[in-house]
Amino acid sequence: MIETDALIVGAGPAGLFQAFQLGLQEIRAHIVDVLPHVGGQCAALYADKPIYDIPGVPACTGRELVAALQQQAEPFAPGLHLGQEVTALAAEPDGRWRLVTSSGQAFLARSVFIAAGIGAFEPRRLRIDGLARFEGANLHHHLPDAALLAGRALAIVGGGEDAVAAALQAARAAAPPSSITLVHRKDAFEADARDLAALQALRDAGRVQVAIGQPTGFGADGDRLTHLVLSHAEGPDTRLALDRLLVRQGLSPRLGALAGWGLAMERKQLVVDPASCATALPGVYAVGDVNHYPGKKKLILCAFHEATLAAYDAAERLQTARKVVVEYTTTSTRLHRLLGLAADGGTAPRR
Ligand SMILES: Cc1cc2nc3c(=O)[nH]c(=O)nc-3n(C[C@H](O)[C@H](O)[C@H](O)COP(=O)(O)OP(=O)(O)OC[C@H]3O[C@@H](n4cnc5c(N)ncnc54)[C@H](O)[C@@H]3O)c2cc1C
């Protein structure tokens, strides 16, 4: 059980900036995300595409924005719990909230910030009976650590940019797999031109193979997959031997358990008071794409505004010993101290 001032559900741009804003209010936060990395849609759906409407940042990629948000929140060292979905929220008699994740981690939080975006991202799985039991063994939906792939036969199922990017990343590892085979129903991949050119170069060099076919079955030795069975438009099925299978057929968001937490919803979004982003449950806020109020726009800059309002409101509820007023990061010595800056606000770290 982790006791905390604030639990943030979702590590997208809204959740990361929420952690920063709570830090400025001296509210310690933990963040949970079902993905194995932070960044939400920016990282999962368009990591290398440019964004042009972040205020004061003429252009940055999804990946760059996420890195900057993480760096900005660093002084407050939010606890990060990745690869687990928050599945339950229940009120405690003392006014706190009890949350539980799919990994069994429990939190007791004085406030909750739901920054769940368009839902928990789930990998699209291969629909083959019995295959799921190899998850946690040698069936993966996110590229495993390079050490697990070194010298192994890796098969990657998928034809989109996720699959292509995984093949490139695996091939570029210092100790790459012994073989990399992309499995797709046709010899045509969808990714940006630069990645497609890099893939072709690896194919030409014999470092990546392509197997055309539809996975319809598998073979196993005990608790490990040993091969995929591929069906073809013509001709008999074939077998593809493998040590590790990575399925990269994209992600699909699922609102999941939070739809059952007793929160008012409109258009599959959580209804909040636009002045504070508070839901009807005391101490529970919703920020970013997941919330709804008149005039709501699903934009990153709106998420930043919402996280700021929610942090101020939570500070008034939780920081009873301090009068909560607007303070500027340029001039407030309290904020400089929290950010670990020199007393004069210079960027040198405080000793
Ligand atoms: C292709 C594309 C391009 C875009 N371009 C722009 C742009 O140029 N400018 C702009 O402003 N916006 C853009 N957007 C929209 C922008 O990405 C979203 O507004 C933004 O990501 C919302 O941030 P968020 O943190 O609210 O949600 P998300 O980014 O969706 O993050 C939510 C996170 O919560 C996690 N989560 C959900 N439920 C749970 C749970 N129960 N337990 C644990 N984790 C959970 C999810 O896995 C996810 O990581 C674009 C979107 C797309 C798809």
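A residue is called buried if 20 or more other C-beta atoms lie within 10 Å of its own, exposed if 12 or fewer do, and partly exposed in between. Keep this definition at hand during the tour, and remember that what you have open is a predicted model.

**The whole chain**

Begin by selecting the whole protein chain, which has eight helices and 22 strands, and whose C-alpha atoms fill a box of roughly 75 × 45 × 40 Å when it is taken along the principal axes. Buried residues make up 36% of the 351 residues in this chain.

Next, colour the two domains separately: domain 1 takes in residues 2-121 together with 252-320, while domain 2 runs over 125-249. If you mark the centre of each domain from its C-alpha atoms, the two centres are separated by 33 Å.

**Around the ligand**

Now select the ligand and the shell of 37 residues around it, where Gly10, Gly12, Gly40, Gly117 and Gly288 are the residues that come nearest. The elements that give two or more residues to this shell are helix H1 (13-24), strand S2 (29-33), helix H2 (40-44), strand S9 (120-123) and helix H7 (300-318). Colouring the shell by residue type will show a division into 23 nonpolar, nine polar and five charged residues.

**Helix H1**

From the shell, move to H1 alone, a helix of 12 residues that reaches 17 Å from its first C-alpha to its last, which is close to the 16 Å expected at 1.5 Å a residue. Is this helix mostly covered or mostly open? H1 is mostly covered, since 12 of its 12 residues are buried; among them you can click on Pro13, Phe17, Gln18, Phe20 and Leu24. Just after H1, stop at Glu26, which takes a positive phi of about 65 degrees.

**A sheet of three strands**

Select next the strands S14, S15 and S16, which in that order form an open sheet with antiparallel pairing. Strand S14 (214-221) and strand S16 (238-241) stand at the edges and have a single partner strand each, so one side of each is left without a neighbour in the sheet. Looking across the sheet, you will find a twist that averages 30 degrees from one strand to the next.

Strands of a sheet pair through backbone hydrogen bonds, in either a parallel or an antiparallel way. Here S14 and strand S15 (residues 224-231) run antiparallel and are joined by seven bridges; to look at one place along this pair, select Asp221, which stands opposite Arg224 in S15.

**His141**

Now select His141, which is found in the loop between strand S10 (139-140) and helix H4 (146-149). His141 counts as partly exposed because 19 C-beta neighbours lie inside 10 Å, whereas a residue is buried only from 20 upwards. If you then add Pro236 to the selection and draw a line from C-alpha to C-alpha, the two residues are 28 Å apart in space, while in sequence they are 95 residues apart.

**Arg267 and Lys268**

For the last stop, select Arg267, which lies in the loop between strand S19 (265-266) and strand S20 (269-271), and then Lys268, whose place is also in the loop between S19 and S20. Arg267 is a residue other than glycine with a positive phi, near 50 degrees, and Lys268, likewise not a glycine, has a positive phi near 60 degrees. Arg267 is exposed because it has 7 other C-beta atoms within 10 Å, and Lys268 counts as exposed with 11 C-beta neighbours inside 10 Å.

How values were computed: Residues numbered from 1 in each chain as written. Predicted model: local features only at pLDDT ≥ 70, side-chain atom pairs only at ≥ 80, totals over all residues. Near = placed C-beta within 6 Å. Helix = DSSP H or I, 4+ residues; strand = E, 2+ residues; numbered from the N terminus. Nonpolar A, V, L, I, M, F, W, Y, C, P; charged D, E, K, R; others polar. Pairing = 2+ DSSP bridges. Axes fitted to C-alpha atoms, helices over the stretch in contact; angles between N-to-C directions. Expected span 1.5 Å × (residues − 1). Domains from an automatic or database assignment.
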